[in-house]
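The following exercises are to be worked with the sequence and the predicted model at hand. Each task is followed by a solution in steps.

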Amino acid sequence: MKELADFAELLRELKERSGLSYEALAKQAHMSTSTLHRYCKGEGVPADNAAVARFARVCKATSEELNELHRRWALADAVRNGARRTADAEPTGLEPHSTQTGTGEAPPEAAGRQRGPASAPGLMAMPRAVPDFTGRSQELNRLASLASGPPDGPAPVVVISGQPGVGKTSLAVHAVTELSHHFPDGCFFVDLRGLDARPLDPGIVLERLIRALDPAHGWLPLDLGDRAAQYRSVAAGRRIAVILDNAADEAQIRPLLPATGATMTMVTSRRMLTGLEGVARLPLPSMPDAEARDLLERLIAGLPDAGRTADAVSRLAHSCGNLPLALRIVGNRLASRPDWSPDRLAARLEDEERRLDTLTAGDLEVTVAFELSYTRLSSAAQRLFRRLSLIPGPHCGPELTAVLAGLPDAETEDALDELVEFGLVQSAFTARYRLHDLMRIFARRRLEQEEPEDERTAAETRAVDWLLDTATAAGCRFDPAFTALPGQGDDRVRPAAIEAAKQWLTTEADNWLAALELAAATGQWRRVIDVAEAMHWFSDRWIHWGYWPRVFTLSSNAAAELADHAAAATHLNYLSWAHNTCLGDPAGASDCARRAQAEAALAGDPRLQAWADSYLAVALLKAGNPHGALPLAARAMRGFRRVNDREGMVMHALSTLGRALERTGKPGQALRAYRQRLALASDPATAPSPLIAGMTRVSAARDIGLLHLAQGRWQEVVDTLEPAVAWEPASNIPQWQAQMYTALGQARHKLGQTRNALADMDRALSIYRQIGDDNTAQTVQAMRHGLTSDLATSPPS
């Protein structure tokens, strides 16, 4: 088919340009070589566009090529799924239910639409809508009315609230599927983990949404309010639906709400979230008796009639409390055992209800239905189900499940398939598994009832050890001094490449952080320190993750517990960085650096004392106190020089010293500091590691050029920055490169080279837009506009 051929053609073009073999490209894109061959031959497409994005990233595709690849993928995927149909095609019964217009026909704009919502990448893909969704017509009509509102009015937000198992998520997903023709720009699903001890941070949700809507988006602000404003800007003008599932409270939700436009947001929560203003409310009760019976009848429609009396169905629905989750589990149970009649199952269900009559209503109302499904599992699936309650985070991959169960990979996969089939485990996206909140409670109780304490402890310890060992191995991969992985961690997922390490650390972040907290709670102080130390260099690559202050708080506390003053100084410095860079909190950063100074003094380690001085100087500069930073930076320089710490002296302290001198009115001394830094980084006899030296040379040249610009030395700006902007490390640090192009444009304009100045400004604009720094892009655009007025009278350059 043409769509598949077009998609395959672009894949082949990007693959050939990358210069990578099929084997190398497949490995870096996290797919098998045979699968990649099939895609490039036009014999299939990836199941989701996260795989498309990985392929494009490995091939270094431009943003335009990425967009085109996503477009062709969507067309090919629609063909693969048989989702494209003409307006006069005969209905198959597989299309999603249409919004009722009174005639039973779909609205005109629904003709030819894809089956189900437009796909969303990675962790925000929409779950599969249940094909036999029943009832809730009043709620669906209300949601359809909200989705049909004017595009220039307030963005519709609806809060769907109710008790566990009542079907809040199913209703939201079904509604979005039904109304997907209203949302051609995409539908997104986010589990906010509102019942966890650590619900999902709204800043992380905003980052995921922004990058899903604009894959080429670069820089994101650290401030939550600024990031929320950026999301509103990115979402403006787009017709999308966002389901925010399992919300914790109003504070988690407020930053995620758009202001105006066609973005529809559905929030599900056990709470009513009464503090949210200007939202539609949809409290969801248990299903009415008639709808509950209807749902159960549909679930068992294909079974023999024997024993399927109206009374038996009513008794089953009543025993399930009319909760959709419980009804579905009962329906699945009957479907898996056709020799059981509804009457027989109703009698058994009533017996168990009497046995469990001491339990209160609420979460435990579905325990009986869970029990019925659990007893029909294989012994391996039962064991895995029980131990999934030990997952420290909200979901996990098959590797961690295998570690927990103590089973071979193949048996683990079979057990997972069985659990998903019985509806006891959810798999909303590829190779990730999670327990519903109620299921986790039930699984933990079965674990405590059926497995001795020593076996439970051993399984949990094995999982924690695996997570921390693998996190350490992955984190070490980012150290500039990396030579080989440490001799620990599971060989199945010990990442040998940086991209694989990053993928594992980000995907399993909730799990390894929870494991780190468990290690701290059980007094494994040295283990906590080692894991946090391995994260040091990786943290620079993922500064927008919300939990680096937590990681380095755990490690600095662990060092204090061990009375290890050297480790305490090191990790308090890391914590100072986290406060400064991640939280924008110079006061907290200063406090941590001062505590690091005290610990370094107790350790009697001059190198650590120099680092603490340097971190404190950075914090004071951030706080607007260059006069306080200057003597500390100078003292850090002397300390690093005494112990010959090239990294600290060249990369950190000398840069801080130059900025402090510049901001205290000593530009000549600042220039000498910058030039000294460039010379030290350029000389192999004095340079740190090659990676750090390359970054330092770019940084030093940039600082020199910007200082010349401030002093009006236009030719010196050009002489310094023209070669530096082309150095290889500059392309890896786009913010610095854009700053240098902007400075070159300003200097060349002053030298009368207006055409060249405009070209430099255009390069800077392109980079700022690529990384998403819209505010600076607007500033540069204004500068460029001022240059155009001189173009007509400017002599040829």
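**Exercise 1.** Locate lysine 60 and determine its phi angle and whether the residue is buried or exposed.

*Solution.*
Step 1. Lysine 60 is placed in the loop that runs between helix H4 (49-58) and helix H5 (63-80).
Step 2. The phi of lysine 60 is positive, at about 55°, although the residue is not a glycine.
Step 3. The relative accessible area of lysine 60 is 69%. Exposed residues are those over 50%, so lysine 60 is exposed.

**Exercise 2.** State in which loop alanine 563 lies, and give its phi.

*Solution.*
Step 1. The loop that holds alanine 563 is between helix H25 (548-561) and helix H26 (565-582).
Step 2. Alanine 563 is not a glycine, yet its phi is positive, at about 55°.

**Exercise 3.** Determine which residues of helix H21 are buried, how they are arranged about the axis, and what covers them.

*Solution.*
Step 1. Within H21 (residues 498-507), the residues Ala501, Trp504 and Leu505 are buried.
Step 2. Viewed down the axis of H21, these buried residues fall within an arc of 95°, and therefore they line one face of the helix.
Step 3. The cover over the buried residues of H21 includes helix H20 (453-476), helix H22 (509-521) and helix H24 (536-539).

**Exercise 4.** Describe the burial of strand S1 and its pairing with S4 and S5.

*Solution.*
Step 1. In strand S1 (residues 157-161), five of five residues are buried.
Step 2. Assign the residues to the two faces: Val157, Val159 and Ser161 are on one side, Val158 and Ile160 on the other, and both faces are covered.
Step 3. S1 runs parallel to strand S4 (residues 264-269), to which five bridges join it. In this pair, valine 157 stands opposite threonine 265.
Step 4. S1 also runs parallel to strand S5 (residues 280-283), through four bridges. Here isoleucine 160 is opposite leucine 282.

**Exercise 5.** Establish whether threonine 742 is buried or exposed, which backbone oxygen its side chain reaches, and which residues it contacts beyond four places in sequence.

*Solution.*
Step 1. Threonine 742 belongs to helix H35 (residues 734-750).
Step 2. Its relative accessibility is 7%. The cut-off for buried is under 20%, so threonine 742 counts as buried.
Step 3. The side chain of threonine 742 reaches the backbone oxygen of alanine 738 at 2.9 Å.
Step 4. With neighbours within four places in sequence set aside, threonine 742 is in contact with Met761, Ala764, Tyr768, Val780 and Met783.

Terms used: Residues are numbered from 1 along each chain as its sequence is written. This is a predicted model: local features need pLDDT of at least 70, side-chain atom pairs count only at pLDDT 80 or more; totals for chains, interfaces and linings use all residues. Side-chain values use heavy atoms; hydrogens and water are left out. Buried means under 20% relative accessible area, exposed over 50%, partly exposed in between (1.4 Å probe, protein chains only). The arc is that of the directions from the helix axis to the C-beta atoms. Contact means heavy atoms within 4.5 Å. Two strands pair if DSSP finds at least two bridges between them. A polar contact is a pair of N or O atoms within 3.5 Å; within protein, one must be able to donate a hydrogen and the other to accept it, and residues adjacent in sequence count only if both atoms are side-chain atoms.
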